[in-house]
Every structure is written in C-alpha cells, then in structure tokens.
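This report walks through a sheet, a helix pair, a set of salt bridges and one loop residue. Keep the structure open alongside the text.

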Amino acid sequence: MRPLRHAVARHRPPLPADTGKTVWLFDLDNTLHDCSKGIFSAIDGAMSRAVASSLQLSAQDADVLRKEYWRRYGATVIGMVRHHGIKADTFLHLSHDFDVASLVHSEYGLARKLRRLNGHKILLTNAPTEYARTVLKTLGILHHFDGIWTIEHMALQGRIRPKPSPGLMKQVLARLRVPARRVVLVEDTLRNLKSARQAGMRTVHVYHPGTPFSALHAGRALYVDVRVNSVGRLAGVRPRSCSGSDPIRGLTP
C-alpha cells in the first residue's frame, strides 16, 4: 500500500481550549442534514465520475470500484490513493463537484436549536472540507462550530484514517485534551458510534426512518446512550461540567 500523497491532512483543525464544558462532535451527512432528498445520489454519481475520469474506466466499472473501496476502507479516496497513487486533494474535489447548496435539507429551526445546546460544537466528518463548509453555510450554522475536522485532517502515520478508525478516535481525544466522558459523538452511523464508545466517549444515534441505512437499525445498540430522530432533540439538554457527570442527561434512552 502506498502512503498518503498530496493530501492537506498535514493541516490540523482549530479546536477550542478546555473550558470544562461538554464537547459535542457532530457528524454531517444524515445527521445535521437529510441526505435522502438528493445529496446521497449526487455524491454517488460524482464519486463514480471521479473514479472513471481518474482511472479512464467505464461508468459501470468505476461504480463497482467506488463501492468496493468504500466497503473496504470506509472512504473511496483511500483506495484511490493507496492503489492508484491519485492525489487525495484532487480526487476529493472531483468527487464532490456538484451544486451542493440546492440539495441541502434540514429540520426546521436547526440554527436556533443548536444555539441553545450548551457546550463546544465540533464537526467530525469523513467528508472533505470544502463540501462540509458549504453545507454548514447553507444550513446557516457554520458560526456555531468551534472547529471543523474533516477527512483531510484524518491522517495517521502517513495514511488516511477516517471514522470509524479507533486510532482517529484516540487522536481526537488527544487533541481535545478533555476527559472522554465529556465528549459526545452525535452520528447516524452505528459503526462510528461503536468506535467512539470503545474510546470512552458518550454516544447519540440520530436515527432517520426511511433513509438508506434505516433497515440496519433494529432497536438501540448497547453502545448507544441515546437514540433521537433529530438533532433538535438535543437542544434542551444542559450538561453538567463537573467531573463524572452524565453529559447527555435529560434525554430519554
């Protein structure tokens, strides 16, 4: 396997100083916005086109390879870098080259609800930075986040390690310099939540009935503290800052 090439993972995301407050790590796609209305299909299409143009493959062969790399590594870009020497920056741009803003949909009053959520908010997404910032701007919530941690920042020992990498979770905690019990991952993907729990974090599963992954979720997994149908459900939570407290008390499991 080849090392990470020409990726901007050398940059470190800005993170807040420890103030004793809860740190909320938010996933992006299908957590802060609903991807089932167009984003998922747009990303799949752009990703397949990026694979096809980068490797001179047919649309069908590119789609097969895209899915294989996503299944094996959790991100198609990893396979493109490791096996074909493709520049990560270039591929990430190509694979998200579509009109993002017109496809973004979220729950009503999301910005107001996030403003009421006590603690630091950091985006932790396997998506690229340019795409993530565009989504947050479109949602009107970019200013609510103290930091943005994207796939460009997810490099360990010269290789991309996105969620659910245990190494990434440990790296996040090391950078935050706060006790794991004060960190809450809010996420729609169970395998990412499982990895966060193994690192000692608290977990909130954002469950969307009717979306592509809903059939995989039968009840609340043991490593999930709380399951909600929308991020807005978190708005009324006022986490205690004292040591050993439950950062998501007030929500019904």
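## Helix 2 against helix 3

Contact here means heavy atoms within 4.5 Å. The model is a predicted one. By that cut-off, helix 2 meets helix 3 through Leu-65, Arg-66, Tyr-69, Trp-70, Arg-72 and Tyr-73. On the helix 3 side, the partners are Thr-76, Ile-78, Gly-79, Met-80, Arg-82, His-83 and His-84. By class, the residues of this contact split into six nonpolar, four polar and three charged.

Two packed helices are described by the angle between their axes and the distance between the axes. Helix 3 covers residues 76–84. The axes of helix 2 and helix 3 come within 7 Å. They cross at roughly 100 degrees. Angles of 65 to 115 degrees count as roughly perpendicular, so helix 2 is roughly perpendicular to helix 3.

## Salt bridges

Side chains of opposite charge can pair when their charged atoms come close. With a cut-off of 4 Å between nitrogen and carboxyl oxygen, the count comes to 10 salt bridges. One of them joins Asp-44 and Arg-66, with the closest N and O atoms 3.3 Å apart. Asp-44 sits in helix 1 (residues 39–55) and Arg-66 in helix 2 (residues 59–73), so this bridge ties together parts that are 22 residues apart in sequence. How exposed are the two ends? Asp-44 is partly exposed, at 36% relative accessibility. Arg-66 is buried, at 10%.

Arg-66 has another partner, Asp-63: here the closest N and O atoms are 2.8 Å apart. Both residues belong to helix 2. They are three residues apart, about one turn of the helix. Asp-63 has a relative accessible area of 24% and is partly exposed.

Also in helix 2, Glu-68 and Arg-72 are four residues apart, about one helical turn. Their side chains form a salt bridge at 3.9 Å, N to O. Both ends are partly exposed: Glu-68 has 27% relative accessibility and Arg-72 has 42%. Elsewhere, shared partners link salt bridges into one network of Asp-44, Asp-63, Arg-66 and Lys-67.

Arg-66 and Arg-72 also appear in the contact of helix 2 with helix 3. Arg-66 thus has two roles in this account: it bridges to Asp-44, and it is among the helix 2 residues that meet helix 3.

## The sheet

Strands of a sheet pair through backbone hydrogen bonds, either parallel or antiparallel. In this model, six strands form an open sheet with parallel pairing. The order is 3-2-1-6-7-8. Which strands lie at the edges? Strand 3 (147–149) and strand 8 (226–228) do, and each pairs on one side only. On average, neighbouring strands are turned by 25 degrees against each other, direction ignored.

Strand 1 (residues 23–26) is covered on both faces. Val-23 and Leu-25 are buried on one side. Trp-24 and Phe-26 are buried on the other. Strand 1 pairs in the parallel sense with strand 2 (residues 120–124), over four bridges. Across this pairing, Trp-24 has Lys-121 as its bridge partner. Phe-26 has Leu-123.

Strand 1 also runs parallel to strand 6 (residues 183–187), and four bridges join the two. Leu-25 stands opposite Leu-185 in strand 6.

## Helix 7 on the sheet

Which strands does helix 7 lie across? Helix 7 (residues 166–176) lies across strand 1, strand 2, strand 3 and strand 6. Its direction is at about 160 degrees to that of strand 3. Strand 3 is also an edge strand of the sheet.

## Ala-101 in its loop

Ala-101 lies in the loop between helix 4 (88–94) and helix 5 (110–115). Is Ala-101 buried, partly exposed or exposed? It is partly exposed, with 37% relative accessibility.

What does Ala-101 contact, leaving aside its neighbours within four places in sequence? Thr-134 and Thr-138 are the residues in contact with it. Leu-139 is 38 residues away from Ala-101 along the chain. The C-alpha atoms of Ala-101 and Leu-139 are separated by 8.8 Å.

Conventions:
Residues are numbered from 1 along each chain as its sequence is written. This is a predicted model: local features need pLDDT of at least 70, side-chain atom pairs count only at pLDDT 80 or more; totals for chains, interfaces and linings use all residues. Side-chain values use heavy atoms; hydrogens and water are left out. Buried means under 20% relative accessible area, exposed over 50%, partly exposed in between (1.4 Å probe, protein chains only). Two strands pair if DSSP finds at least two bridges between them. Axes are lines fitted to C-alpha atoms, for helices over the stretch in contact, and angles run from 0 to 180 degrees between N-to-C directions. Angles under 35 degrees count as roughly parallel, over 145 as roughly antiparallel, 65 to 115 as roughly perpendicular and the rest as oblique. Ala, Val, Leu, Ile, Met, Phe, Trp, Tyr, Cys and Pro count as nonpolar, Asp, Glu, Lys and Arg as charged, and the others, Gly among them, as polar.
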